[in-house]
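Subject: A structure for you to explore

Hi there,

Here is the structure I promised to pass on. Have a look around first, and then read my notes below.

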Amino acid sequence: MTSYENAEDHEMEWLIDEVSAKTRIDKFVKEQLGDEISRTQIQIWIEGGSVLVNGAKVKTNYKLAPGDRITLTIPEAESVEIVPEDIPLDIYYEDSDVIVVNKPRGMVVHPAPGHSSGTLVNALMAHCKDLSGINGELRPGIVHRIDKDTSGLIMAAKNDKSHASLAAQLKEHSVTRKYLALVQGNLSHDQGTVDAPIGRDPHDRKMYTVIDRNSKHAVTHFHVVERFGDYTLLELKLETGRTHQIRVHMKFIGHPLVGDPMYGRSKGLKINGQALHATVLGFVHPSTAEYKEFTAPIPADMEDLLHSLRSR
């Protein structure tokens with residue numbers, strides 16, 4: 001498969017080879033764009049003529065053939081009223097292409113039902129005024145997410161070219177993402193890898209679980225930083241970036257995150273949300289091709305937990 005991009009015109013093109021033949025077009029485009037664009041959105045684009053095969057509209061279930069030329073023209077983001085809010089930002093890096101901020105625990109990344117204000121996007125809209133529109137109406141600039149009750153580093157794109165570059169790096173697993181997590185129990189190994197697929201929990205659609213059916217490949221590497229007997233501080237490195245990945249994987253191996261309201265235990269140390277912090281973020285700059293890496297220290301509430309454990 002050969003791909004071409006014209007980011008300024010929001011256009012992408014792929015030439016289909018034998019490997020990609022017989023794949024549904026909506027599935028193929030989803031695989032190229034990654035997790036940030038939903039398959040439903042892609043199907044809407046196909047039905048609206050934004051995705052063409054050999055210059056012609058097709059149905060969403062069209063099966064690709066060798067030699068097919070797929071063109072995607074990403075529609076301009078619809079204009080919606082996201083109210084800029086003067087919320088302080090802990091900025092670690094900023095230029096005309098990208099901004100890196102240290103998100104506090106408790107802040108939602110982008111507007112959603114029940115969270116129309118006070119989000120990172122509201123804050124960025126007030127600060128930047130020039131975010132990428134490739135992600136649609138409620139998520140300008142957002143390339144990846146971290147959960148509401150996870151603190152730490154997150155990057156946002158200021159134009160569509162940068163967004164496409166950063167999203168491609170995430171898809172290729174070349175972005176460095178390291179987390180610090182305080183988990184329940186004493187791990188039996190100093191380091192290891194959890195390689196287990198993650199999908200929706202069939203018993204609770206708000207949660208995710210390790211499951212074989214309707215799941216996505218997920219890999220988390222960990223090593224022990226400090227032991228406290230009945231608790232362990234871990235550094236975790238994401239190879240993939242599935243929703244709730246660290247939280248689900250730690251529960252899966254029997255060591256849920258301290259304070260996790262969905263996947264943890266109610267007993268024990270208290271913290272407002274899971275004890276998880278995105279401490280390292282590294283990527284290749286979209287314009288300069290220079291590798292940049294940033295480190296945010298552990299937040300005060302997690303540091304207080306660790307101090308209490310060390311003082312026992």
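Let's start with a term you will need: pLDDT is the predictor's confidence in each residue, from 0 to 100. You will meet it here because this is a predicted model. Over residues 2-9 the pLDDT stays under 50, and the model has 16 contacts for this stretch beyond four places in sequence. Please keep one caution in mind: where pLDDT is low, the predicted coordinates should not be read in detail.

For the chain, the mean pLDDT is 88, with 91% of its residues at 70 or more. Which elements have the lowest and the highest mean pLDDT? Strand β1 (residues 2-6) has the lowest, at 47, and strand β16 (residues 291-295) has the highest, at 98.

Next, the cavities. There are two cavities of 30 Å³ or more, and I looked into the second largest, which holds about 40 Å³ of space. Its lining is made up of H144, I146, L153, R177, K178, Y179, A278, V280 and L281. Six of these lining residues are nonpolar, one is polar and two are charged. Strands β8 (176-184) and β15 (276-284) each supply at least two residues of that lining.

Strand β8 also contains V183. Is V183 buried or exposed? V183 counts as buried because its relative accessibility is 0%, and the cut-off for buried is under 20%. Leaving aside neighbours within four places in sequence, V183 is in contact with D230, Y231, T232, L234, M250, H255, P256, L257 and V258. You could also find F283 in your viewer: V183 and F283 are 100 residues apart in sequence, and their C-alpha atoms are 27 Å apart in space.

My last stop is Q274, in the loop between α5 (245-252) and β15. Q274 is buried too, with a relative accessible area of 1%. What does the side chain of Q274 make a polar contact with? Its partner is the side chain of T150, at 3.0 Å. The Q274 side chain also reaches the backbone oxygen of D149, at 3.5 Å. Not counting residues up to four places away in sequence, Q274 touches several others, including R105, D147, R247, L257, V258, G259, D260 and P261.

If you want a place to begin, try finding Q274 and T150 and looking at the contact between their side chains.

Best wishes, and enjoy exploring!

Notes: Residues are numbered from 1 along each chain as its sequence is written. This is a predicted model: local features need pLDDT of at least 70, side-chain atom pairs count only at pLDDT 80 or more; totals for chains, interfaces and linings use all residues. Side-chain values use heavy atoms; hydrogens and water are left out. On a 1 Å grid over the protein atoms alone, a cavity is a set of points where a 1.4 Å probe fits but cannot get out, and a pocket is an open set with protein on both sides within 12 Å along at least five of seven lines; lining residues have an atom within 4 Å of a point. Grid points are joined across faces, edges and corners, and a volume is the space filled by probe spheres set on the points. Helices (H or I, at least four residues) and strands (E, at least two) are DSSP runs, numbered from the N terminus. Ala, Val, Leu, Ile, Met, Phe, Trp, Tyr, Cys and Pro count as nonpolar, Asp, Glu, Lys and Arg as charged, and the others, Gly among them, as polar. Buried means under 20% relative accessible area, exposed over 50%, partly exposed in between (1.4 Å probe, protein chains only). A polar contact is a pair of N or O atoms within 3.5 Å; within protein, one must be able to donate a hydrogen and the other to accept it, and residues adjacent in sequence count only if both atoms are side-chain atoms. Contact means heavy atoms within 4.5 Å.
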